[in-house]
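Open the model in your viewer and keep the selection panel at hand. The stops below say what to select and what is there.

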Amino acid sequence: MAEMRAFRDAVSGWATGGPEGPASDLAVRLGVRTAVLLEGLSDLAAVEALAARRGRDLAAEGVCVVPMGGAMSVGRYAGLLGPPGLGLRLTGLCDEGEQRFYDRGLKRARAPRRGFFVCVTDLEDELIRALGTARVEEILRAEGDFRSWQTFMRQPAHHGRPRQQQLRRFLGTKRGRKIRYGRLLVEALDPEQVPAPLDDLLASL
């Protein structure tokens, strides 16, 4: 696991102008065969949590989950890790509103689009809809965030919005909260509640 994190760090360095060598060498040594491209760290937390629940050791399977820091980076990462670069199989999650970046970036990298699974708004929205707003509020209470949630709801800017949208927005109001709840919401799901994009992604690996 630590070595796969080192590979992920090497890829991030390469994507920001660093050398190819460390990532290429680690890919060979670790037997990396698949890169899962995700927009951010909260998606990473959710994917790793579901894999753990299902007894999957993705690193041992040669799968590296890579947070790209935003959808607009997909072309860069696909080029480095896909056919033009390390030649890994590419898969991942895509927000519906960001599909144009994925379509363009994957086409430029000569990588197939079919391995990417689409969330209607984003993964947080998928998880909130799967659990229901009442269950998410129970989790906020258990985690000590319910008072902050109540304060958030009293702000005029959020009045009149559907509760689901309010919860999604709340998760993004504090640094690190989306990442923590990416894991917590997945851990709270019943097996039949796993959102289709996340379920399909894990099944494809």
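This is a predicted model. Begin at the boundary between the two domains, where the rule finds 5 residue pairs in polar contact across the interface of domain 1 and domain 2. The count of salt bridges between domain 1 and domain 2 is 0.

**Stop 1: the two domains**

Colour residues 1-121 together with 193-204 as domain 1, and residues 123-188 as domain 2. Taken over C-alpha atoms, the centres of domain 1 and domain 2 are 26 Å apart. Now show the residues in contact: 18 from domain 1 and 16 from domain 2. Between the two domains an area of about 1,400 Å² is buried, and carbon and sulfur atoms give 67% of it. On the domain 1 side, select Ser42, Thr121 and Gln193, which lose the most area to domain 2 and together make up 32% of what that side buries.

**Stop 2: the face of domain 1**

Keep domain 1 in view and look at the side that touches domain 2. Which elements each supply at least two residues of that side? They are helix 3 (41-53), strand 3, strand 4 (116-119) and helix 11 (196-204). Select helix 3 next: with 8 residues, helix 3 gives the largest share of the side of domain 1 that touches domain 2. Coloured by class, this side shows 12 nonpolar, 3 polar and 3 charged residues.

**Stop 3: helix 4**

Select residues 74-81, which form helix 4. Because 6 of its 8 residues are buried, helix 4 is largely enclosed by the rest of the structure. The buried residues of helix 4 are Val74, Gly75, Tyr77, Ala78, Leu80 and Leu81. To see what covers them, add helix 1 (2-15), strand 1 (34-38), strand 2 (63-67), strand 3 (89-95) and helix 5 (99-108), which are among the covering parts.

**Stop 4: salt bridges**

The structure holds 14 salt bridges; three of them are visited here, starting with Asp125 and Arg129.

Show the side chains of Asp125 and Arg129, whose closest N and O atoms are 3.0 Å apart. Both residues lie in helix 6 (residues 123-131), 4 residues apart, so about one helical turn separates them. Is each partner buried or exposed? Asp125 is buried, with a relative accessible area of 7%, whereas Arg129 is partly exposed at 39%.

Go on to Arg163 and Glu137, whose side chains meet in a salt bridge at 2.8 Å, N to O. Arg163 is in helix 9 (residues 163-171) and Glu137 in helix 7 (residues 133-142), so this pair ties together parts that are 26 residues apart in sequence. Arg163 is partly exposed, with a relative accessible area of 36%. Glu137 counts as buried, because its relative accessibility is 15% and the cut-off for buried is under 20%.

Then select Arg183 and Glu187, a salt bridge with its closest N and O atoms 3.2 Å apart. Arg183 and Glu187 both lie in helix 10 (residues 177-188), 4 residues apart, about one turn of the helix. Arg183 counts as partly exposed at 35% relative accessibility, and Glu187 counts as partly exposed at 40%.

To finish, return to Asp125 and Arg129 and add Glu126: salt bridges that share partners join Asp125, Glu126 and Arg129 into one network.

How values were computed. Residues numbered from 1 in each chain as written. Predicted model: local features only at pLDDT ≥ 70, side-chain atom pairs only at ≥ 80, totals over all residues. Heavy atoms only, no water. Buried < 20%, exposed > 50% of the residue type's maximum accessible area, 1.4 Å probe, protein only. Contact = heavy atoms within 4.5 Å. Domains from an automatic or database assignment. Buried area = accessible area lost by both parts, 1.4 Å probe. Salt bridge = Lys/Arg side-chain N within 4 Å of Asp/Glu carboxyl O. Polar contact = N/O pair within 3.5 Å; in protein donor to acceptor, adjacent residues only side chain to side chain. Nonpolar A, V, L, I, M, F, W, Y, C, P; charged D, E, K, R; others polar.
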